[in-house]
Amino acid sequence: ELVYSLYDSGSGTWSEPAAVSDDGTADFYPSFAVSGDRIYIAWQNTKTSLAEIPEDSVTMDNYTANGEICTAVFDTQTGTMSEAVILTENDTLDTMPVLADTGDGVQIVWMNNSSNSIFGGEGTNSIWRSIETEDGFGEAEELLADVGAIHSWDAVYADDTLYIAYA
């Protein structure tokens with residue numbers, strides 16, 4: 001379960017943790033970005049719980065194939081969290097999302113592994129992006145293909161350009 005908590009600087013206390021999204025599955029790699037009055041959160045959501053996979057077919061690759069990218073937005077003016085939006089829906093591992101503030105919204109970039117290899121040692125690793133528009137997030141597009149294993153990375157948007165660094 002992915003949760004958030006708000007700090008009240010007047011009282012010096014944190015709010016009780018509240019769910020960003022609780023679909024009963026595992027969540028990984030949360031990323032945050034602020035744009036205007038909105039705080040964006042992106043994360044890797046597992047679309048199926050381990051308990052839902054038949055015991056005789058549970059493998060790491062089978063489980064990691066359930067990794068998808070989700071996002072939600074916290075409105076600082078109303079104090080409300082939006083419903084989660086699923087950006088990817090496929091049978092390959094989508095993981096490690098990073099948000100980049102564009103000044104009037106965000107771009108979300110993430111890694112995809114064609115063989116569901118959590119460490120990226122097998123299959124093809126590629127970097128994908130979805131850009132926020134007035135109608136929500138646009139269709140995902142592949143930015144870089146066959147980039148090798150990615151263990152850490154970050155992205156920033158400046159001067160109308162998305163910059164990505166990875167190792």
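A residue counts as buried when its relative accessible area is under 20%. This tour through a predicted model opens with a residue to which that cut-off applies.

**Stop 1: Ser-117**

Select Ser-117, which is found in the loop between β11 (106-113) and β12. Is Ser-117 buried or exposed? Its relative accessibility is 11%, so Ser-117 counts as buried. Next, display Gly-121: the side chain of Ser-117 reaches the backbone nitrogen of Gly-121 at 3.2 Å. Then add Leu-93 and Glu-122, with which Ser-117 is in contact when its neighbours within four places in sequence are left aside.

**Stop 2: Ser-49**

Move now to Ser-49, in the loop between β6 and α1. Ser-49 has a relative accessibility of 15% and therefore counts as buried. Which residues does Ser-49 touch, not counting those up to four places away in sequence? They are Gly-24, Thr-25 and Tyr-63. For a distance exercise, select Ser-114 as well and draw a line from C-alpha to C-alpha. Ser-49 and Ser-114 are separated by 65 residues in sequence and by 21 Å in space.

**Stop 3: Lys-47 and its partners**

Select Lys-47 and Glu-89, which form a salt bridge whose closest N and O atoms are 3.8 Å apart. This pair links distant parts of the chain, 42 residues apart: Lys-47 belongs to the loop between β6 and α1 (60-64), and Glu-89 to the loop between β9 (85-86) and β10 (93-101). Lys-47 is partly exposed, with 28% relative accessibility, whereas Glu-89 is exposed at 59%. Add Glu-68 and Asp-91 to the selection; together with Lys-47 and Glu-89, these residues are linked in a network of salt bridges.

**Stop 4: two salt bridges that involve β12**

How many salt bridges does the model contain in total? The count comes to five. Select Arg-38 and Glu-132, a salt-bridged pair with its closest N and O atoms 3.6 Å apart. Arg-38 lies in strand β6 (residues 38-46) and Glu-132 in strand β12 (residues 125-133), so the DSSP runs named here are strands; the two residues are 94 residues apart. Arg-38 counts as partly exposed at 29% relative accessibility.

Keep β12 in view and select Arg-129 with Glu-141. Their side chains meet in a salt bridge at 2.8 Å, N to O. Glu-141 is in strand β14 (residues 141-144) and Arg-129 is in strand β12, 12 residues apart. Glu-141 is partly exposed, at 33% relative accessibility, while Arg-129 counts as buried because its value is 16%.

**Stop 5: the nonpolar core**

Finally, select the 11 residues of the largest nonpolar core: Met-96, Val-98, Ala-100, Val-109, Met-111, Ile-127, Val-147, Ile-150, Trp-153, Ala-155 and Leu-162. Colour them by element of secondary structure. Two or more residues of this core come from each of β10, β11 and β15 (153-158). Which element gives the most to this core? That element is β10, with three residues.

Within the core, centre the view on Ala-155. Not counting residues up to four places away in sequence, Ala-155 touches Val-98, Leu-99, Ala-100, Val-109, Leu-162, Tyr-163 and Ile-164. The tour ends at this residue.

Terms used. Residues numbered from 1 in each chain as written. Predicted model: local features only at pLDDT ≥ 70, side-chain atom pairs only at ≥ 80, totals over all residues. Heavy atoms only, no water. Salt bridge = Lys/Arg side-chain N within 4 Å of Asp/Glu carboxyl O. Helix = DSSP H or I, 4+ residues; strand = E, 2+ residues; numbered from the N terminus. Buried < 20%, exposed > 50% of the residue type's maximum accessible area, 1.4 Å probe, protein only. Polar contact = N/O pair within 3.5 Å; in protein donor to acceptor, adjacent residues only side chain to side chain. Contact = heavy atoms within 4.5 Å. Core = buried A, V, L, I, M, F, W, Y, C linked by side-chain atoms within 4.5 Å.
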